Amino acid sequence: MTTLPSRGIAPETTDAAPPDADPSGGDPDDSPAEQGAQPPQGSRLRELLHAAVTAVGGTERPGQVAMAEAVAAAVESDEQLLVQAGTGTGKSLAYLVPALAHGDRVVVATATLALQRQLVERDLPRMVDALHPLLRRRPQFAMLKGRSNYLCLHRVHEGAPSDEGEGLFDPAEALGGPSSKLGKDVMRLRDWADETESGDRDDMSPGVSDRAWAQMSVSSKECLGATKCPYGGECFAEAARERAKLADVVVTNHALLAIDALEGAPVLPEHQLLIVDEAHELVSRVTGIATAELTTGAVNRAVKRAAKLANEKAVDALQAAAENYHGLMEIAQPGRLEELPENIGYAVAAIREACRSVITSLGEIRDRGVSDEDAVRKQALASVESIHDTADRMLEGSEYDVLWIEDRDRFGPGAASLRVAPLSVSGLLKESLYKERSVVLTSATLKLGGDFTGVALSLGLGPDGRRTDDPAQGDPAQGAGRGAAAEDVPRWRAMDVGSPFDYPRQGILYVAKHLPPPGREPDRPAMLDELAELIQAAGGRTLGLFSSMRAAQTAAEALRERIPGEILLQGEDTLGELIKAFSADAASCLFGTLSLWQGVDVPGSACQLVVMDRIPFPRPDDPLMSARQRDVEQHGGNGFMAVAATHAALLMAQGAGRLIRAADDKGVVAVLDSRLATARYGGFFRSSMPDFWFTTDRNQVRRSLAAIDASAPPPRVR
């Protein structure tokens, strides 16, 4: 038994060693010096950082200073830098201050809209004002998103080319105005177009449905182009790009960064420094952008759009190919395909050939009877080209792609589809992300199992490029030899600047070791009993993180009959409204799945218990994950640890990070999966999470929760 100091939450005894004695081999006390941090950059950088922190009303942290100095050193040495900065470090200021001081343009790419808005609307304006006297210049900043995030004035004024049967207004009420929510939303967008300065969808409140927005926006492939469009001079998207070209700091998102890397044609302005915040999400975002799908619905939409402007024979051939494909996919079994079955291959090839004919005839046939012919043609061409390119990629069957049949339940009966995704994006990131610029990748979770290697490899940074200041280890980059091979290896460093929070005193990690290991069914009576008892001890205040939506729904339905407080369930309202309600009512609980694991920030007493129903391993039949796992094994690695365990550890680290969001927060992370305490890989997961005090004593954790509840202040008003 080990006695720990307590501030009213830590149990007096434990049945396991503290996290720093974890047998997994991780080192939770890994200091910046041990990770190769750069020496201090002098008093000027600290003076600038102090001014910026004061301006935003923050508190300067040692980890923040260490990170700022490391970013400045990386920029000067043209190296790549990975920085794990725990919650509360103030990492946005730690990377922005040295970036602004350096003077070259910097692009900041983040995963969340909340952080983008915080940077542009709060942090950067205050920083610029504070640093102006010290820098003797006033840096400019701008936000840039993909074209479809901005209103298209051509669509607003000329109307959207609509597919047959998808009109906005009821014909019987055409003269009386919109007759549906869709029509009302479109009218609101037209009115808003006369008021907004940005045309940015996220500036519209309240917002509109995705379908309504699609009527008033275009993708880059559907855009007529600024020189051809009669509204090109007023275009919101073009104005945003012009502002970005003139800005010192361009704030964007992972999706646009991925498009910039994938499409070859530059979308972002030239820059010497790239900062990727929330870098743990970059691989999944790039994978999503690089994933393509062939559905019958998409082909049918392309047929409708091309019908009046393409050769009738070519359009009929595409329609027939779509019908044949649909018939085959109705009886196809979901799962990974090593290669296309012969019959499906013929169907996909027929779609590709018909698309070629339609594309050719779209450039030859004119129909002046079509209103706004150029816009209709552009939309049709974009649809058909997208289908052609997807079919072509599937037929090529690259060894670097994974092909599978998606379960029809995802779309409704009879609507199975083919999907293709890259086996890995690390090579793409290596070739596109680190060329001729410094890159800083930062997040609260980059070390898994106490080591950066797994995440670094997924981001295209191989072990040969890692540099260290420890003479005993040598310098792998220097040892790689001279010449082209060594030059192709991105040189990188990694550091963990820690967190200002005292995790062992502020939080407990509890594992329900007595529960049976979870099976595949979401209905686990013993787990639900445990969950109910924990919530009752906590007085509500619970964020429930579930591995599937079905499991979250099952738990909500069962516990609503047993728990006095309200149980809010993801999907029953917008996420923003659910979080607002959860934050305001201490007795409430919020249950949900993936977006809650990473996207909830509720400091204070409203969230003092975070529960994970199980270790969130990917499904064993997940085609992409299983393919990646097998690829690692074929190359001599441990596929389970490299893929499944890494995926789950990243989610668990993010999920556990929902608990302590401020210096005075207290609480418990409860994992209702006994494998975290009993399985050999349990230490890897625990060392990936914040350094909470660890126990499996169910009675002690209930007493601790009751004590926290009894002393909790009122919830903070958001």
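1. Contact here means heavy atoms within 4.5 Å. The model under discussion is predicted. On that definition, the helix pair H13 and H14 meets through two lists of residues. From H13 come Gly345, Val348, Ala349, Ile351, Arg352, Cys355, Arg356, Val358, Ile359 and Leu362. From H14 come Arg377, Ala380, Leu381, Val384, Glu385, Ile387, His388, Ala391, Asp392 and Leu395. By class, the contact of H13 with H14 comprises 13 nonpolar, two polar and five charged residues.

2. The geometry of this pair is as follows. Helix H13 spans residues 342–362 and helix H14 spans residues 373–396. The two pack at an angle of about 150°, and their axes are 9 Å apart. The crossing of H13 with H14 is left-handed.

3. A second helix pair is formed by H1 (residues 43–55) and H3 (residues 91–102), which pack at an angle of about 125° with axes 10 Å apart. This angle makes H1 oblique to H3. The crossing of H1 and H3 is right-handed.

4. The contact between H1 and H3 is made by Leu45, Leu48, Leu49, Ala52 and Val53 on the H1 side, and by Leu93, Val97, Pro98 and Ala101 on the H3 side. Sorted by class, the contact of H1 with H3 has nine nonpolar residues, with no polar and no charged ones.

5. Attention is also drawn to Arg702, a residue of helix H28 (residues 698–711). Is Arg702 buried or exposed? Its relative accessible area is 14%, and the limit for a buried residue is under 20%, so Arg702 counts as buried. Once neighbours within four places in sequence are set aside, Arg702 is in contact with Tyr510, Glu530, Glu533, Leu534 and Ala537.

6. The model also contains an open sheet of four strands, ordered S6-S9-S8-S7, with antiparallel pairing. Strand S6 (292–294) and strand S7 (335–337) occupy the edges. Each of these edge strands has a single partner strand, so one side of each has no neighbour in the sheet. From one strand to the next, the twist averages 30°.

7. Within that order, which strand does S8 pair with over six bridges? Strand S8 (residues 401–406) pairs with strand S9 (residues 417–422) in the antiparallel sense over those six bridges. One position can be checked directly in the structure: Trp404 has Arg419, in S9, as its bridge partner.

How values were computed
Residues numbered from 1 in each chain as written. Predicted model: local features only at pLDDT ≥ 70, side-chain atom pairs only at ≥ 80, totals over all residues. Heavy atoms only, no water. Axes fitted to C-alpha atoms, helices over the stretch in contact; angles between N-to-C directions. Parallel < 35°, antiparallel > 145°, perpendicular 65-115°, else oblique. Left-handed = near helix turned anticlockwise from the far one by under 90°. Nonpolar A, V, L, I, M, F, W, Y, C, P; charged D, E, K, R; others polar. Buried < 20%, exposed > 50% of the residue type's maximum accessible area, 1.4 Å probe, protein only. Pairing = 2+ DSSP bridges.
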